[in-house]
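Reader: I should be grateful for a close look at one part of this protein. The structure is shown below, and my request follows it.

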Amino acid sequence: MVLSLKEISKSFGEKQILDSVTLSIEDRDRIGLIGVNGAGKTTLLNLLCGRLSPDQGEIGKKSGLTVGYLEQNTGLDREGTIWGEMLTVFTPLLDAQARMRELEAQMAAYGEHDGGYDRLAAEYSRLTAYFEGNDGYGIEVKIKTVLGGMGFSDKSYDTRISTLSGGEKTRLALARLLLEQPDLLMLDEPTNHLDFTTLQWLEDYLQSYKGALLVVSHDRYFLDKMVTSVWELDRTRLMAYKGNYSKYKVLRQERMERMQKEYEQQQQQIAAMKEYAERNIARATTANSAKSRLHQLANMELKEKPPSQLKAPVFSFSYAMEPVKEVLMVENLTLSVGAGEDRKVLQQNLSLAVRRGEKVAVIGPNGAGKSTLLKTVLGLMPRQGTVRWGQNVKTGYYEQENQILDFDSTVLEELWKRYPAWPERQVRGLLGNMRLTGDNVFKKVSVVSGGERAKLCFAILEGQNANTLILDEPTNHLDLPSKEALEKALREYTGTLLFVSHDRYFLNTIPDRIVELTPQGVVEYNGRYDDYLEQKKLRESQEIPEFERPSKPAGSTESAKGNYRSKQQRSEETRRRTRLRRLEEAIAAQEQEMGELETAMTQPENLADYTVLNDLCARLEAVKLQHEADFEEWMSLQEEE
């Protein structure tokens with residue numbers, strides 16, 4: 001056992017944060033801690049690392065326990081250099097090495113037969129065993145490995161920490177923790193400032209981490225890959241589930257359904273026993289039996305009513321006007337930031353086409369120009385090159401830093417002034433869908449949480465009725481239920497979508513095409529994130545010179561067709577198969593939806609409501625049109641085989 005909490009409770013003022021929380025962490029545990037914003041995750045971490053003391057309960061720790069804690073959005077704040085800071089992790093080993101050098105000089109001065117030599121040799125032997133046993137000769141390799149993996153390979157190790165950006169300081173703090181290798185490593189949103197390459201390295205590194213890992217994260221892809229159990233904090237209570245995030249969702253649903261069924265059965269039993277007692281308590285012949293039932297009721301262990309599901313926001317994006325097929329055409333575009341001598345070119349000769357109904361994701365390393373691309377095509381930044389929007393295109397833009405908001409306005413004022421013709425009921429209704437209710441709507445934008453500001457921006461976006469959405473990191477400030485609600489809305493959205501995201505789970509759910517900005521230019525991939533990884537790996541293997549590739553095992557064969565296909569042909573075949581699979585999934589979903597819509601149209605309550613029936617008809621027509629287009633494309637791709 002590494003650490004345990006027994007019946008821990010914690011309050012701040014009158015607000016109960018944790019109530020009777022019991023948990024234990026074992027060696028090499030991989031735990032994901034989740035919960036809505038404000039559930040108490042940070043409070044729990046501070047209890048575990050000793051920064052807070054519980055109001056009630058006991059905390060047990062193994063002797064000599066070392067704990068490392070990376071807080072969210074906090075990094076190293078030092079005046080030293082990157083290399084010097086990493087060396088401080090190994091101060092005891094470096095001190096031992098320095099003492100070994102001193103002893104070597106002293107022993108050489110004494111000579112083997114001098115009286116003090118044996119004492120010096122014994123100390124030297126002890127220090128050598130300590131130094132070698134803790135891999136002292138591997139210090140430099142360890143530091144360079146971790147710094148390279150955490151994205152510092154292009155930085156001089158003499159760079160002063162004070163000159164680094166906030167994200168770089170956070171990454172450096174994580175690098176230091178990884179080198180320290182504490183018994184319990186606690187990470188609060190560790191993936192926030194990491195690009196895909198660094199994320200992949202971190203996941204691989206943590207897979208073989210020798211200590212226990214407790215991570216707070218909204219990165220569902222990371223949770224699926226890394227954790228073997230999920231702890232959910234929900235309304236002061238903690239519940240543990242075995243498995244990764246996807247498994248947790250299944251187990252939680254099953255648990256809620258089981259609790260509801262058991263609760264309802266017991267309530268029925270209680271009602272029947274009460275009714276029996278009331279009917280029979282006054283009769284002499286049945287009074288004892290009635291009293292027995294009342295005694296059983298008094299001593300019955302009551303089943304806990306399952307907590308109601310916290311309501312997630314309800315996102316809904318719609319539009320009235322259909323654009324032309326060619327929504328956006330970009331040709332020979334140069335992306336740059338700054339001006340004059342400070343101008344930095346990020347991309348050149350960039351070309352991109354986005355068609356009606358497509359969902360296109362833009363990815364790439366930090367600084368590649370992803371957000372700049374969105375702002376440039378929207379005309380928010382100077383452009384060099386051609387950007388053409390099609391006729392009837394109406395864009396709506398979500399900006400990740402929420403800079404469109406007036407932080408001095410209240411939440412209600414900020415939405416209402418965008419749509420002054422709306423009645424208050426409509427404005428409050430849209431805010432209510434975002435779970436912005438009660439006194440929160442009268443708070444200034446500056447004091448509400450980042451997640452609430454994000455929801456306000458989505459409320460503004462919904463009101464625009466845009467047929468083309470441009471989204472920059474739309475999931476950044478959302479908790480898990482909100483992310484999943486947004487994904488559902490965007491999957492149902494029949495308009496065009498162009499977005500930037502680092503959220504791999506989101507990227508594995510929404511796009512049908514991924515555009516990667518690289519230092520060498522733009523590379524396009526059909527499909528979603530896992531398809532992107534597969535195709536990228538294939539492309540990279542094809543770019544390895546033949547003499548550098550591993551030889552094939554004896555007896556292996558390839559078809560003549562495979563031997564003589566060019567790289568481009570193989571790549572096109574991969575894209576064709578990926579697109580076929582996506583089309584088949586879409587066609588199946590469309591056919592299911594058409595059946596559901598046709599059934600709904602026959603329901604008496606819908607037949608009696610002209611507005612509902614009209615909406616159902618319009619949706620059915622839209623799905624049929626998309627079904628015909630997808631089926632036609634599927635047939636065309638089949639013929640290419």
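How many disulfides does a search of the whole structure find? Please also examine the nonpolar core closely.

Author: The model is a predicted one, and a search of the whole of it finds zero disulfides. A disulfide is a covalent bond between the sulfur atoms of two cysteines. As for individual cysteines, Cys457 counts as buried because its relative accessible area, 4%, is under the 20% cut-off. Cys49 is partly exposed because its value of 22% lies between the limits of 20% and 50%.

The nonpolar core may be taken next. In soluble globular proteins, nonpolar side chains tend to be buried together. Here the largest nonpolar core holds 98 residues, and within this core Leu206 and Phe317 touch the most other members. A second core, separate from the largest, has 26 residues, among them Leu23, Leu45, Leu47 and Leu48. Returning to Leu206, and setting aside neighbours within four places in sequence, one finds this residue in contact with Leu178, Leu185, Leu187, Leu213, Phe222 and Met226, and also with Arg30.

The setting of these cores is a protein of 641 residues, of which 45% count as buried. The protein contains 21 helices and 18 strands, and its C-alpha trace spans about 110 × 90 × 65 Å along the principal axes. Of the contacts between residues at least 6 apart in sequence, 68% join residues at least 24 apart. On the outside, the protein exposes about 33800 Å², with carbon and sulfur atoms supplying 48% of that area. Finally, the protein has 84 positive and 97 negative charges, and the mean positions of the two sets are 2 Å apart.

Definitions and conventions:
Residues are numbered from 1 along each chain as its sequence is written. This is a predicted model: local features need pLDDT of at least 70, side-chain atom pairs count only at pLDDT 80 or more; totals for chains, interfaces and linings use all residues. Side-chain values use heavy atoms; hydrogens and water are left out. A nonpolar core is a set of buried Ala, Val, Leu, Ile, Met, Phe, Trp, Tyr and Cys residues joined through side-chain atoms within 4.5 Å. Buried means under 20% relative accessible area, exposed over 50%, partly exposed in between (1.4 Å probe, protein chains only). Contact means heavy atoms within 4.5 Å. Helices (H or I, at least four residues) and strands (E, at least two) are DSSP runs, numbered from the N terminus. Accessible areas come from the Shrake-Rupley method with a 1.4 Å probe; for residues, only the protein chains shown count as cover. Lys and Arg count as positive and Asp and Glu as negative; His and the chain ends are not counted. The place of a charge is taken as NZ of Lys, CZ of Arg, CG of Asp or CD of Glu. A disulfide is a pair of cysteine sulfur atoms within 2.5 Å.
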